[in-house]
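Welcome! Here are some short exercises to help you find your way around a new structure. Try each task on your own before reading its solution.

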Amino acid sequence: MRYESPATTKEAVALLAKEKGEAHVLAGGTDLLVRMKSGLTEPALVVDIKRIPDMTTIKTTQSGFKIGAAVSGAQLSDHKALCKAWPGVVEATNLIGSDQIQGRATMVGNLCNASPAADSVPAMIAAGAKAVIVGKGKRRTVPVEKVVTGPGTTSLKRGEVIEAITLPKPAKRTGDAYLRFTPRTEMDIAVVGVGISLSIERGVVKKAKVCLGAVAPTAIVVPGAARALVGSKLDDKALDKLAAACSRACNPIDDKRGTAAYRTRVAGVLARRAAKIAYQRAGGAA
Amino acid sequence: MSDAVLVTTKVNGDVVEYACPTDEVLLDSLRDRVGLTGVKEGCGTGDCGACSVTIDGQLVCACLVLGVEADGREIGTVEGMAEEGELHPLQQKFIEHAALQCGICTPGFLVAAKALLDKNPKPSENEIRYALAGNLCRCTGYDKIIRAVQDAAKDMRKSRKR
């Protein structure tokens, strides 16, 4: 196995494009090293992106935030402005594993590992996050919901890497939240995850985005759930509609953590709770 | 066969050089090449925290880091906690509270607890439990560990005031 730690995204892309064998990007390594250890993957090349300044920093830009692909969960929670702007995204990422894991694990790793139960992904999608994808001589920016195509698969082409995630500057009176349900209180994988962001004006929801995790092969945006909220002051009727729309959108598996019927029901329950938190964070009276 | 790479790093303040295969994890480099056997292997998959160390001050599992990644970084292990032959207050309180039995998880708990107290000198019991949720102990039932950390934190705050 060849190990490279380039200093720029361009060099990283060139290394990955040139490699004929199996090549992997190493950010936090919390998924990759476990897979290597168990023999699930035997890379010919590992490209460590943690020496690339563009990938290891959080930049505050005029349009919002640019979070490097190698930025750890611990770095996110240390960033006050980001925590204030998008608490749901930071909290979702911080739910992944222990403090030790948070010292390494990244949002982009969580995204590219492409688990249906990835905690940071529904929160990112709800917040309108975009992935900055760099390939040889090309750079494209796509909404995060366009990255994962199924369990373990992404739309990234060979030689492409995600350099960063961008989050917009939240509009005034915007709030976001992410909640997940796990059988244990900590150190577990989501049975259902719900990310919601919404903006209000005089208490009325003007814009909303709802995204579910762990109830389908990928995280799913639920436009009907957002429509249930828009125009409401988050009254019980709107919340009932939200819950129903979320449950309807579920297409989950049965497994040891939860049955399909259970996941479907819990999706609605969690969506109600997440919407209330987001609404409060937007400045709405609870 | 994997390529070997020469790594220059600082471990507990001392410059250390080792050559390691590119696919070797830092846990093995520290144990087998640097000789620091305080770093324990429990699960090897980042679930148990027995191999907790710090890299540039950040708490991590050494089983989920490649040995080559340590190049140019600063590593902290349990061996660096005692100063001039005197145990760190956490180590002392673990003994006093009998916060260990078999001892395999202890170095990881100590490193993780120190990382917590460095950031938060006055953690609540809840904060301690969350901060140590990535460290598994199959002997003590955790309670003595939590008490030891609380007691150590109290002493450390006192000595800082003095």
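This is a predicted model, and we begin with the two domains of chain B.

**Exercise 1. Find the domains of chain B, say how far apart their centres are, and describe the side of domain 1 that touches domain 2.**

Solution.
- Step 1: The centres of domain 1 of chain B and domain 2 of chain B, taken over C-alpha atoms, are separated by 22 Å.
- Step 2: To locate them along the chain, use the domain assignment, which places domain 1 at 4–80 and domain 2 at 89–161.
- Step 3: Now look at where they meet: 14 residues of domain 1 of chain B are in contact with 11 residues of domain 2 of chain B.
- Step 4: On the domain 1 side, strand E3 (residues 52–55) of chain B gives the most, with three residues.
- Step 5: Sorted by class, that side of domain 1 of chain B has seven nonpolar residues, six polar and one charged.

**Exercise 2. In chain A, trace the β-α-β unit and give its handedness.**

Solution.
- Step 1: Start with the strands: E2 (residues 23–26) and E3 (residues 45–48) of chain A pair in the parallel sense, over four bridges.
- Step 2: To pin down one bridge, take Ala23(A), whose partner in E3(A) is Leu45(A).
- Step 3: Add helix H2 (residues 32–37) of chain A, and with E2(A) and E3(A) you have a β-α-β unit that is right-handed.

**Exercise 3. Work out the strand order of the five-stranded open sheet of chain A, and find a helix that packs on the sheet.**

Solution.
- Step 1: Reading across the sheet in chain A, the order is E4-E5-E10-E6-E7, with antiparallel pairing.
- Step 2: Check the edges, where strand E4 (58–61) and strand E7 (138–143) of chain A each pair on one side only.
- Step 3: For the twist, ignore direction: neighbouring strands of this sheet are turned by 25 degrees against each other on average.
- Step 4: Zoom in on one pair: strand E6 (residues 130–135) of chain A and E7(A) run antiparallel and are joined by six bridges.
- Step 5: Within that pair, Val134(A) has Arg139(A) of E7(A) as its bridge partner.
- Step 6: Finally, helix H1 (residues 9–18) of chain A packs on the sheet, where it touches E6 and strand E10 (161–168) of chain A. The direction of H1(A) makes about 135 degrees with that of E10(A).

**Exercise 4. Describe the side of chain A that touches chain B.**

Solution.
- Step 1: Count the partners: 20 residues of chain A are in contact with 24 residues of chain B.
- Step 2: In chain A, the elements giving two or more residues to this side are strand E1 (2–4), H2 and helix H7 (99–102).
- Step 3: H2(A) gives the most, with four residues.
- Step 4: By class, the chain A side holds eight nonpolar, six polar and six charged residues.

**Exercise 5. Examine the positive phi values of Ala98(B) and Tyr142(B), and decide how exposed each residue is.**

Solution.
- Step 1: Ala98(B), which is not a glycine, has a positive phi near 50 degrees.
- Step 2: Ala98(B) sits in the loop between helix H2 (89–96) and helix H3 (106–119) of chain B.
- Step 3: Ala98(B) has 12 C-beta neighbours inside 10 Å, so Ala98(B) counts as exposed.
- Step 4: Tyr142(B), also not a glycine, has a positive phi of about 75 degrees.
- Step 5: The loop holding Tyr142(B) lies between helix H4 (125–131) and helix H5 (143–161) of chain B.
- Step 6: Tyr142(B) has 17 other C-beta atoms within 10 Å, so Tyr142(B) is partly exposed.

Conventions:
Residues are numbered from 1 along each chain as its sequence is written. Chains are lettered from A and ligands numbered from 1 in the order in which they are written. This is a predicted model: local features need pLDDT of at least 70, side-chain atom pairs count only at pLDDT 80 or more; totals for chains, interfaces and linings use all residues. Domain bounds come from an automatic or database domain assignment. Two residues are in contact if their C-beta atoms, placed from the backbone, lie within 7 Å. Ala, Val, Leu, Ile, Met, Phe, Trp, Tyr, Cys and Pro count as nonpolar, Asp, Glu, Lys and Arg as charged, and the others, Gly among them, as polar. Two strands pair if DSSP finds at least two bridges between them. A crossover is right-handed if, with the strands pointing away from the viewer, the path from the first strand over the helix to the second runs clockwise. Axes are lines fitted to C-alpha atoms, for helices over the stretch in contact, and angles run from 0 to 180 degrees between N-to-C directions. A residue is buried if 20 or more other C-beta atoms lie within 10 Å of its own, exposed if 12 or fewer, and partly exposed in between; C-beta atoms are placed from the backbone.
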